[in-house]
Amino acid sequence: MDTLASPLTVPPSSLTIDEFIQTYASHPVYMAPRGPQLHAKNWQAEAALRMFLNNLSAEVAEDPEQLVVYGGTGQAARTPQDARKIVALLLTLEEDESLLIQSGKPVGKVRSHAEAPRVLIANSNLVPKWATWEHFNQLRERGLMMYGQMTAGSWIYIGSQGILQGTFETFAACGRLHYENDLRHKLVVSGGLGGMGGAQPLAATMTGATFLGVDIDPERIRKRLETGYLDKMTFDYREAMRLSLAARDKGEAVSIGLVGDIGDVLEKLLQDGITPDILTDQTSAHDPLNGYVPHGMSLPQALALRGADPVMYRERSLKSMARHVGFMLELQRRGSRTFDYGNNLREYAQQGGEPNAFQIPGFVPEYIRPLFCGGKGPFRWVALSGDPEDIKVTDEALKALFPENTHLINWLNQAAMRVEFQGLPSRICWLGMGEREKAGLLFNQLVREGKVKAPIVIGRDHLDCGSVASPYRETEGMLDGSDAVSDWPLLNLMANASGGATWVSFHHGGGVGMGYSQHAGMVILADGTDRADRCLRRVLHNDPALGIFRHADAGYDTAQENAQKFGLEL
Ligand code: NAD
């Protein structure tokens, strides 16, 4: 007989579907319910429901009115009507049904079973020959598709913290490689302080560096200030440089947000003879029409041109990216450690006329691949209770579970002090093969024993070791040249669906835009049941194992050693 989770003993909510929608999903005001009370018919559907609503809540989403969560136009649902329908369907979904979502629209339910995923999601997928922004945008205008980015359309975005750990790891790895593991007295410069890019200031200061971030949209910078990710904001280049250089010289870990065009600011840095120590970019370059803002125009002018003349807009965007990357290349020549941070800026700069764009290395081959070879990747979890205390409990439990992992403990301590939650309280850390399964089972035990007040959702970014094919990012420069092979994320999807993840997704175009990536998502619930134990054991083993299979197959020694260590060899 399966044990029941303690939260299931609380009587379910008596709200009708209409009352629930009125309270939690009245467009554009979305909010996830908190606490141990069920609104759906089971915790698996409730988890998907809460995470969907959390993705769209104003504390988390960049633009709830447009259903945009992050990453340019990354949406959680196609239209407000679809969002409402998703909510209604999740409220009534049975344990032997799985809901099908096609690019943000619910399209059917299939028969399944209690250990199968409750939701099966496919977002933005196009047959390769048609996989361009132009074709996608035509379909989108006709209401046939939406852009799911990575965790927007797969309902596991947790705000800027989601990328914080990855960015922290990346800056730290850069420091280890180039600056004797010490980023004090070093200036990091980057463009874009949006949903993902907004993690950069905090990640940089957590490594001890001084940070200057440039964004054309003051509202985006203000959001980072409000959430504690950024220290100071200014509209004035001179003031920004005075603050940045003084902090760098004093070795102060301070972050400054400057309103402006990143290309213009880099040009001024060159003119003033200022060379950042580390230089990267997180503008929405992956989308030249609806993301990047071209040089020489104000934000309102850009928004007007987008609607009035998309062809001209795109052309200006590509030219601006070429100019922007031209300045990055010159700063690289002058000594800035420069890397592409996964937004496809190099490709579009090349299309815009900068032939040397790919002289800038990508961050994955440079800093992250060694972690992928150990099945390491961005493991995240969310307290469905809404109580920050539950995250504290999981943090402490994880520290006790891995007492030898000082890097992890240091991260968890810093995160507890410096990360403000957005929406439902959550945590992220990078865990590898073996560790993820242990952590998942531990969380399930915490739920079972009532040490946390409601079930915990565990997920990850699609940017992971075995879940993505993206030749300009996660799979750039693979040892065997298999960068563009997308069998791997499909195998990852199938392995996680068969293992019993609570919802799974397969997307196209995340991070780097249409035509450039295919990737799979996975979320699994720890609700304290024996069923969850079985699913967690399978899924949190299989998911990182795919990363080791992929990298061992590509010929990486450490992945082959790890395959041997974890008994993954055939
Ligand atoms: P976002 O749309 O929320 O933010 C992008 C920001 O860039 C906006 O604030 C916008 O105002 C600003 N911007 C656009 N053009 C500009 C210009 N010329 N000068 C200055 N600012 C400009 O996107 P996001 O979620 O922050 O993601 C940023 C990029 O990073 C995307 O391309 C995304 O696909 C990519 N990404 C990278 C990773 C990674 O791991 N490195 C992960 C996810 C996404």
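This tour moves from the ligand to the nonpolar core and then to three points in the backbone of a predicted model.

**The ligand and its shell**

Begin by selecting the ligand together with the 33 residues around it. Within that group, the nearest approaches are made by D215, S284, H286, Y341 and G511. Colouring the shell by class gives 16 polar, 12 nonpolar and five charged residues. Colouring by domain instead brings out two contributors: domain 1 (1-60 + 77-147 + 372-570) and domain 2 (161-361) each supply at least three residues to the shell.

**Polar contacts to the ligand**

Next, display distances between the ligand and three residues, taken in turn.

- Select D215: an N or O atom of the D215 side chain lies 2.6 Å from an oxygen atom of the ligand.
- Select G71: here a backbone N or O atom is 2.9 Å from a ligand oxygen atom.
- Select I216: a backbone N or O atom of this residue is found 3.2 Å from a nitrogen atom of the ligand.

How much of the accessible area of the ligand does the protein cover? On its own the ligand has 850 Å² of accessible area, and the protein covers 97% of that.

**The largest nonpolar core**

Hide the ligand and turn to the largest nonpolar core, which has 119 residues. The members that touch the most other members are F52, L53, W155, V457, I458 and W503, and these are suitable residues to select. Then show helix α2 (residues 43-56), which gives the most to this core, contributing nine residues. Domain 1 (1-60 + 77-147 + 372-570) and domain 2 (161-361) each provide at least three residues to this core, as they do to the ligand shell.

**A cis peptide bond**

Move to the loop between β1 (25-26) and β2 (29-30), where P28 is located. With the backbone displayed, inspect the peptide bond from H27 to P28: this bond is cis, and its omega is near 0°.

**Two residues with positive phi**

Select S124, in the loop between β7 (119-123) and α4 (133-141). S124 is not a glycine, yet its phi is positive, near 65°. Is S124 buried or exposed? S124 is buried, since its relative accessible area is 0%.

Finish at Q149, in the loop that runs between α4 and α5 (161-178). The phi of Q149 is near 45°, again a positive value in a residue other than glycine. Q149 is also buried, with a relative accessible area of 4%, where buried means under 20%.

How values were computed. Residues numbered from 1 in each chain as written. Predicted model: local features only at pLDDT ≥ 70, side-chain atom pairs only at ≥ 80, totals over all residues. Heavy atoms only, no water. Near = heavy atom within 4 Å. Polar contact = N/O pair within 3.5 Å; in protein donor to acceptor, adjacent residues only side chain to side chain. Areas by Shrake-Rupley, 256 points an atom, 1.4 Å probe, with all protein chains shown as cover. Nonpolar A, V, L, I, M, F, W, Y, C, P; charged D, E, K, R; others polar. Domains from an automatic or database assignment. Core = buried A, V, L, I, M, F, W, Y, C linked by side-chain atoms within 4.5 Å. Buried < 20%, exposed > 50% of the residue type's maximum accessible area, 1.4 Å probe, protein only. Helix = DSSP H or I, 4+ residues; strand = E, 2+ residues; numbered from the N terminus.
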